[in-house]
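Here are a few notes to help you find your way around this structure. Have it open beside you, and take the points in order.

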Amino acid sequence: FTVDVMPETYRNTNLKELQPGGKVNLERAMAAGGRFGGHIVQGHVDGVGVIRSVQADQNAVVYEIAPSQDDVFKYIIPKGSVTLDGISLTVVKATDSSFTVSIIPHTLAETVLAYK
């Protein structure tokens, strides 16, 4: 199984840091008339971040992310969408140095976030 990666994606993601056997999220494209679960993702890869904390919150898990570049904060707003590792998520809280997202059990089970 092989995939192509655009140079822009390689430069602006953590793909260059992965080792053989590393886990990534891959999804088939949604058919225009098909049913989907989640958000429609549209945009660009603008940077990478570091997971500052992972905390349980009842049935969810809250990830706090610190972007590596300050200039991405102008795009991050509470209740807005952000994509982490190809997973579209809703921003819960945004500060001047980090933001949080809340992950439901299904998303945690079906993506690579549980390995982070």
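1. Let's start with strand E2 (60-67), whose side chains point in two directions. Ala60, Val62, Glu64 and Ala66 face one way, Val61, Tyr63, Ile65 and Pro67 face the other way, and all of them are buried. Put as a count, eight of the eight residues in E2 are buried, which leaves the strand mostly covered. Please keep in mind as you read that this is a predicted model.

2. Now look at what lies beside E2. How many bridges join E1 and E2? There are eight, and the two strands run in the antiparallel sense. Two of the pairs are easy to pick out: aspartate 57 has alanine 60 in E2 as its bridge partner, and alanine 56 is matched with valine 61 in E2. E2 also pairs with E5, again in the antiparallel sense, this time over five bridges. One pair to look for there is tyrosine 63 with valine 101 in E5.

3. Stepping back to the whole sheet, five strands form it, in the order E1-E2-E5-E4-E3. The sheet is open and its pairing is antiparallel. Strand E1 (49-57) and E3 each have a single partner strand, so they stand at the edges, and one side of each has no neighbour in the sheet. From one strand to the next, the twist averages 40°. As general background, strands of a sheet pair through backbone hydrogen bonds, in either a parallel or an antiparallel way.

4. The turn from E1 to E2 deserves a look of its own. These strands make a hairpin with two residues between them. Glutamine 58 sits in this loop and has a positive phi of about 55°, although it is not a glycine. Is glutamine 58 buried or exposed? With a relative accessible area of 80%, glutamine 58 is exposed, because the cut-off for that label is over 50%.

5. A second residue with a positive phi is worth checking. Lysine 79 lies in the loop between E2 and E3, and its phi is near 75°, a positive value in a residue other than glycine. Lysine 79 is exposed too, with a relative accessible area of 64%. For context, most residues other than glycine have a negative phi.

6. Serine 53 is a good place to see E1 from the inside of the pairing. This residue lies in strand E1 and touches Val62, Tyr63 and Glu64, leaving aside residues up to four places away in sequence. The C-alpha atoms of serine 53 and isoleucine 65 are separated by 7.5 Å, while the two residues are twelve apart along the chain. At a relative accessible area of 22%, serine 53 is partly exposed, because buried would mean under 20%.

7. Which residues have the most contacts inside the largest nonpolar core? They are Tyr63, Leu84, Leu89, Phe99 and Val101, in a core of 14 residues. Strand E2 (60-67), strand E3 (81-84), strand E4 (87-94) and strand E5 (99-103) are the elements that give two or more residues to this core. In soluble globular proteins, nonpolar side chains tend to be buried together.

8. Do follow the chain to threonine 111 as well, in the segment after helix H2 (105-110). Its relative accessibility is 14%, so threonine 111 counts as buried. The side chain of threonine 111 reaches the backbone oxygen of threonine 107 at 2.7 Å. A polar atom of that side chain also lies 3.4 Å from the backbone nitrogen of leucine 113. Leaving aside residues up to four places away in sequence, threonine 111 touches Asn25 and Ile87.

9. Finally, some figures for the chain as a whole. Its secondary structure comes to two helices and five strands, and read along the sequence they follow the pattern α-β-β-β-β-β-α. Of the 116 residues, 24% are buried. Among contacts between residues at least 6 apart in sequence, 45% join residues at least 24 apart. The accessible surface of the chain comes to about 8800 Å², and 52% of that belongs to carbon and sulfur atoms.

Notes
Residues are numbered from 1 along each chain as its sequence is written. This is a predicted model: local features need pLDDT of at least 70, side-chain atom pairs count only at pLDDT 80 or more; totals for chains, interfaces and linings use all residues. Side-chain values use heavy atoms; hydrogens and water are left out. Helices (H or I, at least four residues) and strands (E, at least two) are DSSP runs, numbered from the N terminus. Buried means under 20% relative accessible area, exposed over 50%, partly exposed in between (1.4 Å probe, protein chains only). A polar contact is a pair of N or O atoms within 3.5 Å; within protein, one must be able to donate a hydrogen and the other to accept it, and residues adjacent in sequence count only if both atoms are side-chain atoms. Contact means heavy atoms within 4.5 Å. A nonpolar core is a set of buried Ala, Val, Leu, Ile, Met, Phe, Trp, Tyr and Cys residues joined through side-chain atoms within 4.5 Å. Two strands pair if DSSP finds at least two bridges between them. Axes are lines fitted to C-alpha atoms, for helices over the stretch in contact, and angles run from 0 to 180 degrees between N-to-C directions. Accessible areas come from the Shrake-Rupley method with a 1.4 Å probe; for residues, only the protein chains shown count as cover.
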